[in-house]
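Visitor: I am new to this structure and would like a close look at one part of it. Could you start from a single pair of residues and work outwards from there?

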Amino acid sequence: MTVRRVNSLADYGYSTLAMLMTHDTLVRFDENLRPIPQLASKWRSNENATEWVFTITDKAKWHDGVPVTPEDIVFTFNYLADAKVAGYSWVKQFIDEMVIDGQDVIFRLNKPYSRFLSQGGYIVRILPKHVWEWISDPERAEDDKLSIGCGPFLFQSFNMQSNQVTFVKNPDYYLGAPLVDKVVYTFYKNQDVLTMALANGEVDAFYKYASGYPPGKAVRLKNQEGITVAKAPSLGVPAAMGFNPHVALTADLRVRKAITLAINYKRIGDSVAVGEAQVPGPGFVPASFPCFAHMPAFHTDIDQSKALLAEAGLIDHDGDGILETPEGEPVCLKLIARSDLFGDKQATKLLIHDLAQVGIAVEVMSADLSTWMAKINKDDYHLILFRATPWGMLMGPGYGTGYFDSRTKGSGRLSSLDSPAFHALCDKILATTDPDRLKELYTGVQEQYASQLPAIALYWTNNLYPYSDKWEGLVVNQIEGGLANRLTWKSLRKKAGAGEAGS
């Protein structure tokens, strides 16, 4: 992570810290994905999820002492949409009307949206109207007042030279003041230096949004005196491979199936996740999700893979080990990987080896995030490596659908499932809040992934989170990214006799 300025609407790194520290939302989600109150003390929806009512607490105050009101909630939604802040175009698309009735804010939508608790209740960090109504261009704004929220901590300082951002506790926090006085975030660009800092006690805990600690680097810390490594089954997919159904070769389902049979999943998982990986199944969604559909795990079958490729008309006519198309062209698939994601290099090497076993050559391009996204938008790939974050798995109708629904575009979405049956499942999910019905629909979504193969998980894993034994009460909440979260701030305390507070 990097932070360049203290503006949660213009700096991605700082916006993550604002989510953790200073800015509250209407609701939060606990470690089991259950909604819990925040600025909204209670909420309800009508039967078809077109109207949502949030009762706003009258106990919350902004960090400058001004009370938080329902007007702040309505202002925030309008401001984010009107200022065209990235990621909030949906506000005007979904919300027809916002009405204030006492402490209630009523959202009237133009279509059923059962996911509004996450999309509107959790995504939107509420802003103080009296600060932001004077800011015409949030992208250019520079003022420490922009750090004002109503959360459990107050922004204190940002030092670009030392790569540190410091927060101090809010003694007037309406849900109870944190038990620690100060939290300092130090940013490390080198994982080895961070590992040394943790081992030496220079920092007390690890945080990186949507990522556990790299298992290979965590080996040292697992055996380090004074360090505990918390573990949680990942709610995301740390390494996945998507297929482009819009180009020759990977448009053929037989080719996609053949590729899944050529891969040695255990070897990839063991290489990248070092003892924490599990062989995935074709339903893409990891077993940590409450509506997980049990399916047989992937297996390697080179002979069956070759048979499917031959059925698709791909045959090695000249005996050079590489298949040819019926037109006589060598079968070479273009694979795009992220240069900034841990493990992609190892996974890429192993995938090249595995696909060579069945006669498929691979041309690899390692790209930064912007180039990677441009390749997706132009359909300039056959295979693409990506990760699905815990929050990404909850986008749209949830369970990964936001990545694959062909009706959604941009922001790293593969938009690769153009199936009427899949689209119908997504729409039905958004139109119901009934738990039994949702389980049935999410099972159907996973069956679509298994039958259509828009993408596959290369492994599922446990996420690791090292921290100092001087502390107790840390809670893993993957939706907020790890150990730094609102549940931790309620219970984190220094153990008796552990000395001065760390960060």
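Guide: In this predicted model, Phe167 stands opposite Val183, a residue of strand S9. Residues are numbered from 1 along each chain as its sequence is written, and side-chain values use heavy atoms, without hydrogens and water. As the model is predicted, local features need pLDDT of at least 70 and side-chain atom pairs 80 or more, while totals for chains, interfaces and linings use all residues.

Strand S8, residues 164–169, pairs with S9 in the antiparallel sense over five bridges (a strand is a DSSP run of E with at least two residues, a helix one of H or I with at least four, each numbered from the N terminus; pairing takes at least two DSSP bridges). These two strands belong to an open sheet of three, whose order is S7-S8-S9 and whose pairing is antiparallel. Strand S7 (153–159) and strand S9 (182–186) stand at the edges, and each has a single partner strand, so one side of each is left without a neighbour in the sheet. On average, neighbouring strands of this sheet are turned by 20° against each other, direction ignored, taking axes as lines fitted to C-alpha atoms.

Moving outwards from the sheet, the structure holds one cavity of 30 Å³ or more (grid points, 1 Å apart, where a 1.4 Å probe fits but cannot get out). The largest cavity has a volume, the space filled by probe spheres on its points, of about 140 Å³. Its lining, meaning residues with an atom within 4 Å of a point, comprises 14 residues, and Gln38, Tyr173, Leu175, Arg486 and Lys490 are the closest to the centre. Strand S2 (35–37) and helix H17 (486–491) each supply at least two residues of this lining, with H17 giving the most, namely four residues.

Elsewhere, helix H8 covers residues 253–262, and seven of its ten residues are buried (under 20% relative accessible area, 1.4 Å probe, protein chains only), so H8 is largely enclosed by the rest of the structure. The buried residues of H8 are Val255, Arg256 and Ala258, followed by Ile259, Thr260, Leu261 and Ala262. At the start of H8, the backbone nitrogen of Arg254 has a side-chain oxygen of Asp252 within 2.8 Å.

Terms used. Buried means under 20% relative accessible area, exposed over 50%, partly exposed in between (1.4 Å probe, protein chains only). A polar contact is a pair of N or O atoms within 3.5 Å; within protein, one must be able to donate a hydrogen and the other to accept it, and residues adjacent in sequence count only if both atoms are side-chain atoms. Axes are lines fitted to C-alpha atoms, for helices over the stretch in contact, and angles run from 0 to 180 degrees between N-to-C directions. On a 1 Å grid over the protein atoms alone, a cavity is a set of points where a 1.4 Å probe fits but cannot get out, and a pocket is an open set with protein on both sides within 12 Å along at least five of seven lines; lining residues have an atom within 4 Å of a point.
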